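Please open the structure in your viewer and keep the selection panel at hand. The tour below moves from one selection to the next and says what can be found at each stop.

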Amino acid sequence: MAEAAFSLSALRRRGSSALARRGSSAAPSWLVLPLVAVALLAALPLAYVAWQAAAVGWAGSAALLFRPFTAALLASTLELAAAVTLGSVLVGTAAAWLVERSDLPGRSVWRVLVPLPLAMPALVSAFAWLSLTPRVEGMAGAVLVLVLAEYPLVYLPVAAALRGMDPALEDVARSVGHGPWRIFGRTVLPQLVPALSGGVLLVTLHMLVEFGPLALLRVETFTTAIYEAYELSYDGAAAAMLSAVLIALCLCVMAAELLLRGRRRFSRAASGAIAAHAPARLGHATLPAFAGLAALLGLALGLPVAMLAYWLLLARRAALPLDRILSAVGDSVQLAALGAVLTTAVGLSLVLAAFRRRGRMAVLAERLPFVVHALPGLVVALALVYFCLRVAPVLYQTTALLLVAYALLFLPLAQTALRPAVEQVPPAMEEVALALGRAPWRVLLTVTLPNILPGLSAATLLVFMQLMKELTATLVLAPTGVRTLAMELWAQSSQMKYGTAAPYAALLVLVSGAPAYWATVELQKRRGRR
Amino acid sequence: MPECPILNAAALQVSGLAKSYGDTPVLRDIDLAVAPGAVVALLGPSGCGKTTLLRLVAGFDRADSGSVTLGGRPVADGPAGGRGCWVPPFRRGIGYVPQDGVLFPHLDVAANVGFGLSPAGRRSGRVEAMLDLVGMAGFGRRMPHELSGGQQQRVSIARALAPSPAVVLLDEPFNALDAHLRRTLCAEVRAILKRGGAAALMVTHDRDEAFTVADEIAVMRAGRIVQRGTPADFYRAPVDLDTARLAGAAMLLDGTLTGASAETALGRLPVRNPHGVPDGPVALMLRPEQVVAAAPGAGLRVTVRHAAMLGPLTWLDLETEGGAVALQACWVAAAPPEAGSAVLIEVRGDAMVFPPE
């Protein structure tokens, strides 16, 4: 789930530069079309809920909505979100403090290792734990597995904030006689609030929309219940009513994010050179701290890797279904490649619209990713199925429809990756080309695109890697006969065929996890330098 | 959009142009003409609307009302969505030199200069001729990041001039350069524009730039053009006190006007009164070069508060006895008076009359 780590924090940076740039006629006017298309698609989930509600009437909707089952789902979803968020905050903050502020031996090695679980897709680690013991099934196990997968999303911003803090403040606190705990509570913690709240909202949002690992670990939340309702009766009103609650929850998180955004800008530390912090002495706590971090990584990374290795070695004696694996790789690569190109193209037109046009269109292009980011993938997929069957049944179970879902769901990621590249091209560059007689579409091809090529390819690659492990929308929308790596892993491990699932899991880590780790940590570093 | 009929007129003619952003008017009723081959500077403080005017002429933005005519061809008339004609920027055939030059970073110098030319035009030797014109011959294969700021700006001008536009628009072209380079490049750019033969409209907030480059200056304030004329007109006969100060160092005296002269702390001074200010209390403006050393045995006694040696000239801060009036003077440096000493001065020429502030 690395994608949102930077998409959210980069979305947050918006706004300050909005006044500085001007719209210009350099933007081709057809940029408006993708924008309108995305806006309509983003409205589909709400429309889907509304249509279904209308179909069963007020009383029917209310009966579906206000029943003990919904309350139970709400309780378990919130319990999961709260527990995983709290766990990630504790683990992430403690690890960040140890790595950045203590005299723990081998800090430079820990700095690389601690965020490494980002490279392990949650679906793969859920599979690995399950294949070790069925006892991880249920809420407690799910919280354990997901905290181990999500804590890097808290660790990374908190570690960056700890690095960027001015040690003078803590020196002052020390000089007036505050002890180390009091300094942490009164001086350090308040400065960490921006980084922490960003991580908290991100992890919470992930937990609300998470599906694959929860289904494997047999935890009932809104997503798994919606999926079940959908599987039972294709477009049942039950699924729609549950979706309504889930959308509301996600929008609450997004609203909190938007509210916090303004304040956060003030709390950024000064950008000048900051004196190094004198590391805190751990003393007798060194050994337990060391052991704690080692255990954390052992559980988050070592165990899944060991389980994968175990199942792969075991499977080597039997014949691996090479054809089937290769066809899954082929399907995954094909879908991810097409999806990445489409997503990047739509993302680029939205970024250009936001930067180069003025008025309502630019504002819409600017804010749309916030809304899209809060949409649960499962609900988007169900809404697409619902409307597709009613408006254009010929598109149902086609690659095209799946690609539309991909483009919508991964649009915020593409926009985040593209925005800095487009920011590098001043509007004046396009205006010069216009003045020299090139039509807007030729300016786009001969001036804008060549200058954003690195950002464009990075964005495409990033989206590609995330699409390789996409499960939720793919499960609902994939054409018959198409089986991606993530689908195979899900199907095989749902049936407890762990040996058969292992090669798909290993391939998933290789093709998507490792580069996602690299990209996230790189982006974090780049932002730290700013 | 209907194409517009061809009229006979200046290289650039703007009439009745107005533009607002939301409720904030940025330009009001602008009329401006640039004769073929002339260089006109739009001079004004930031926020006065001069860049907006340039963008409307280029077609990067659309005016709320008014028209723009390039070489006799109307390119914009009436508001967006109206029935007037509208020619998009890429069909206007203008040259545009933005702030900082903004070369295409992915193209070398030759490709930058040839960007606005047809493939045949690129092979015709025009690129080399333009590089030669701006003193950058032999730099064609360099990439923009290998050039200094001044070199980039020169290439940017060559790029704008290469397709032989009738009008070149320059948007604060020297902003990013250091002071020394600015001065040398200003004179050079004027020579280049004159050799290129294109009419030019340059936006600047810097008086010296405007004076060095332009044949004619249009002073803008709060969305209006308040004065047009040659640099000398502008310096000699500013329309108001703000413009007087914008045009150069100005000394202000209170006085009482009676007929062709006024009574001041410096005695009775002859005046120019082109604005027809009635007799009575007035403000009078003198330029530093009007305060000269008096002939022996005559003149007003003033104290030298400060003397700054500026190479061939000495800049003097003076005050009359009792400190009533502060004066500035600019004298040839031979034997400059020392600070604290007294000198005898007289006022040469007439003082300009304005209504009292």
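The stops that follow go through a predicted model, beginning with chain A, then chain B, and ending where the chains touch.

Begin by selecting residues 32–65 of chain A, which make up helix 2. A straight helix of 34 residues would span 50 Å at 1.5 Å a residue, whereas helix 2 of chain A spans only 38 Å between its end C-alpha atoms. Centre the view on Gly57(A), where helix 2 of chain A bends by about 115°. Colouring the buried residues of this helix is also worthwhile, including Leu35(A), Val38(A), Leu41(A), Tyr48(A), Gln52(A) and Leu64(A).

Next, select residues 139–164 of chain A, which form helix 6 and number 26 residues. From its first C-alpha to its last, helix 6 of chain A reaches 37 Å, close to the 38 Å expected at 1.5 Å a residue. Even so, zoom in on Leu148(A), where helix 6 of chain A has a kink of about 40°, shortly before the proline Pro152(A).

Move now to chain B and display the open sheet of four strands, whose order is 2-1-4-5 and whose pairing is antiparallel. Strand 2 (24–34) and strand 5 (73–77) of chain B stand at the edges with a single partner strand each, so one side of each is left without a neighbour in the sheet. On average, and with direction ignored, neighbouring strands of this sheet are turned by 20° against each other. Inside the sheet, strand 1 (residues 12–21) and strand 4 (residues 65–70) of chain B are joined by five bridges in the antiparallel sense, and Leu12(B) has Leu70(B) as its bridge partner in strand 4 of chain B. Add residues 50–58 of chain B to the selection to see helix 1, which packs on the sheet and touches strand 1, strand 2 and strand 4 of chain B.

Further along chain B, select the open sheet of five strands, which runs in the order 15-19-16-17-18 with antiparallel pairing. Its edges are strand 15 (291–293) and strand 18 (326–332) of chain B, each with a single partner strand, so one side of each lacks a neighbour in the sheet. The twist from one strand to the next averages 50°.

Finally, show both chains together: the contact takes 17 residues from chain A and 18 residues from chain B. On the side of chain B that touches chain A, strand 6 (residues 94–97) of chain B gives the most, with three residues. By class, that side of chain B has 13 nonpolar, five polar and no charged residues.

Terms used: Residues are numbered from 1 along each chain as its sequence is written. Chains are lettered from A and ligands numbered from 1 in the order in which they are written. This is a predicted model: local features need pLDDT of at least 70, side-chain atom pairs count only at pLDDT 80 or more; totals for chains, interfaces and linings use all residues. Two residues are in contact if their C-beta atoms, placed from the backbone, lie within 7 Å. Helices (H or I, at least four residues) and strands (E, at least two) are DSSP runs, numbered from the N terminus. Ala, Val, Leu, Ile, Met, Phe, Trp, Tyr, Cys and Pro count as nonpolar, Asp, Glu, Lys and Arg as charged, and the others, Gly among them, as polar. The expected span of a helix is 1.5 Å times one less than its number of residues. The bend at a residue is the angle between axes fitted to the seven residues ending there and the seven starting there. Two strands pair if DSSP finds at least two bridges between them. Axes are lines fitted to C-alpha atoms, for helices over the stretch in contact, and angles run from 0 to 180 degrees between N-to-C directions. A residue is buried if 20 or more other C-beta atoms lie within 10 Å of its own, exposed if 12 or fewer, and partly exposed in between; C-beta atoms are placed from the backbone.
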